[in-house]
Amino acid sequence: MKATRRSFLILSASVASSLALSRVASADEAKLSEDDPAAQKLGYRLDASKVDKSKFPAWAAGQTCSNCSLYQGGASDPYGGCALFGVKQVAARGWCTSWTNA
Ligand code: SF4
C-alpha cells in the first residue's frame, strides 16, 4: 500500500511539472515570430520603431498593431490576435505592411 501511495505522489508531481512546462512552451509558440514565413512576407516587426523605413516606406510613426483595425487584443495586452495570422499572437507594439485603420 505504501509503494502505491508513493508511486501516486511521484506520478502526480511528474504530471504537474510536465503540464507547467507545456504551458510555457505553448505561450511562446503562440507568439508570432519575425522569422515565421508568413510574418516575413508582410515585413512583420515585433517593435514598430525598428521598421526599416527605406524598405517599408508605408510605415509612419505611431502605427502599431495595437492601433491597427485587424488587431484583436485588448488595449493593455502586450500581445493579441490578428485577423491575418490565425492563432499566432502579434505584439501590441509590432507592425506589418498590412497595417490599416480603416
Ligand atoms: S495586420 Fe495589423 S495587427 Fe496584424 S500584424 Fe499587421 S499591423 Fe499588426
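I start with a definition: helices (H or I, at least four residues) and strands (E, at least two) are DSSP runs, numbered from the N terminus.

**Entry 1: the overall picture**

I am looking at a predicted model, where local features need pLDDT of at least 70, side-chain atom pairs count only at pLDDT 80 or more, and totals for chains, interfaces and linings use all residues. Residues are numbered from 1 along each chain as its sequence is written.

I looked up the secondary structure and found 2 helices and 2 strands in the protein chain. Along the sequence they come in the pattern α-α-β-β.

Next I checked pLDDT, the predictor's confidence in each residue, from 0 to 100. The protein chain has a mean pLDDT of 85, with 73% of its residues at 70 or more. Which element has the lowest mean pLDDT, and which the highest? Helix H1 (residues 2–29) has the lowest, at 55, and S2 has the highest, at 98.

**Entry 2: buried or exposed**

I noted the rule here: a residue is buried if 20 or more other C-beta atoms lie within 10 Å of its own, exposed if 12 or fewer, and partly exposed in between, with C-beta atoms placed from the backbone. Buried residues make up 20% of the 102 residues in the protein chain.

I then picked three residues from one loop. Gly-62 is in the loop between helix H2 (37–41) and strand S1 (79–81). Asn-67 is in the loop between H2 and S1, and Cys-68 also lies there.

Is Gly-62 buried or exposed? Gly-62 is exposed, because 7 other C-beta atoms lie within 10 Å. Asn-67 has 14 within 10 Å, so it is partly exposed. Cys-68 has 23 within 10 Å, so it is buried.

**Entry 3: who touches whom**

I counted two residues as in contact if their C-beta atoms, placed from the backbone, lie within 7 Å. Of the contacts in the protein chain with a separation of 6 or more, 56% are between residues 24 or more positions apart.

Cys-68 fits in this entry too: leaving aside neighbours within four places in sequence, Cys-68 is in contact with Trp-99, Thr-100 and Asn-101. I also looked at Asn-67 and Trp-99, which are 32 residues apart in sequence, with 8.7 Å between their C-alpha atoms.

My next stop was Cys-82, in the loop between S1 and strand S2 (89–91). Cys-82 is buried because 23 other C-beta atoms lie within 10 Å. Not counting residues up to four places away in sequence, Cys-82 touches Cys-65, Leu-70, Tyr-71, Gln-72 and Val-90. From Cys-82 to Cys-68 I read 9.1 Å, C-alpha to C-alpha, with their positions 14 residues apart in sequence.

**Entry 4: the core and the ligand**

A nonpolar core is a set of buried Ala, Val, Leu, Ile, Met, Phe, Trp, Tyr and Cys residues joined through C-beta atoms within 7 Å. In soluble globular proteins, nonpolar side chains tend to be buried together. The largest core here has 15 residues, and Cys-65, Val-90 and Trp-95 have the most contacts inside it. Among the contacts of Cys-65 beyond four places in sequence are Val-90 and Trp-95.

Last, I looked around the ligand, taking a residue as near if its C-beta atom, placed from the backbone, lies within 6 Å. Which of the 13 residues around the ligand come nearest? They are Cys-65, Cys-68, Cys-82, Cys-96 and Trp-99.

I sorted the shell by class: Ala, Val, Leu, Ile, Met, Phe, Trp, Tyr, Cys and Pro count as nonpolar, Asp, Glu, Lys and Arg as charged, and the others, Gly among them, as polar. The shell has 11 nonpolar, 2 polar and no charged residues.
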